[in-house]
Protein chains: 2
Amino acid sequence: MSATNTEVTCDVREVLDRIGDRWTLPVIVELFQGPRRFRQLERGVEGISQRMLTLTLRKMERDGLVERTVYPTVPAQVEYELTPTGRSLSEVLQALAGWAAEHREVVIASRARWREQHPDTRS
Amino acid sequence: MSATNTEVTCDVREVLDRIGDRWTLPVIVELFQGPRRFRQLERGVEGISQRMLTLTLRKMERDGLVERTVYPTVPAQVEYELTPTGRSLSEVLQALAGWAAEHREVVIASRARWREQHPDTRS
């Protein structure tokens, strides 16, 4: 690695702060499948309210992760889509999800072994 | 994607919870460079206390991310090393750090543009 430990750590933490809120992640995952209208997102992201979806999309638009297109129909149709930046972020996040899915068993087994070997610790 | 939105979201959140504490990330980055003794880690990870380094290493060992080897020298020498699981996690995290470093300018520029276009919002 050419970057220092502190640099790498800060870079990762920045992304975690950005996507660590309650709703950004599921909205990214939904939009990764293709452009969506507001109602479609509302249906696709389980449990999100209109207000939180509005705020989340606005933050993502502000950061350049999402593009909002208004079509001049009557009534106007609004579509949300990942930008190339948003798309590349979601690819990295898929890798993270893949790692978690792939290694869940190993981590669970390791914890069980640890508890056996350290019966008097609580963690 | 074959996994559902909720599955992918949960998988990513699990990893974020695991690495989101104050010290796991810099310890992973340090160990990515090779096996380290306790004192070396203490020096390499800026600002960490002995107690927090001990706790962090124990949690990583419990989860199967780190292996602890005791060499029968006098005095005994203890070395910490990433397991293959820990190593594969740090590769995914490097990708995340790479994304952040690569897209920082784009995100900053997008925010500046947003503020210009929305002078009356606070975000």
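Two residues are in contact if their C-beta atoms, placed from the backbone, lie within 7 Å. On that basis, 100% of the interface residues of chain B are also interface residues in chain A, so the copies of this predicted model meet through the same surface. The superposition gives the geometry of the pair: a turn of 180 degrees, with a shift of 0.0 Å along the axis, lays chain B on chain A with an RMSD of 0.0 Å. That is the relation of a two-fold axis.

Within chain A, three strands form an open sheet, given as 3 strands in the order 1-3-2 with antiparallel pairing. Strand 1 (36-37) and strand 2 (66-71) of chain A stand at the edges, and because each has a single partner strand, one side of each is left without a neighbour in the sheet. Strand 2 of chain A is joined by 6 bridges to strand 3 (residues 77-82) of chain A, the two running antiparallel, and in this part of the sheet Tyr71(A) stands opposite Gln77(A) of strand 3. Strands of a sheet pair through backbone hydrogen bonds, either parallel or antiparallel.

As to confidence, the model scores ipTM 0.80 and pTM 0.81, while chain A averages a pLDDT of 89, with 97% of the residues scoring at least 70. The table sets out the extremes among the elements of chain A.

| Element of chain A | Place in chain A | Mean pLDDT |
|---|---|---|
| Helix 1 (residues 5-19) | lowest confidence | 82 |
| Strand 1 | highest confidence | 96 |

Strand 1 of chain A, where confidence is highest, is thus also one of the edge strands of the sheet.

Methods
Residues numbered from 1 in each chain as written. Chains lettered and ligands numbered in written order. Predicted model: local features only at pLDDT ≥ 70, side-chain atom pairs only at ≥ 80, totals over all residues. Least-squares fit on C-alpha atoms with pLDDT ≥ 70 in both. Pairing = 2+ DSSP bridges. Helix = DSSP H or I, 4+ residues; strand = E, 2+ residues; numbered from the N terminus. pLDDT = per-residue confidence, 0-100.
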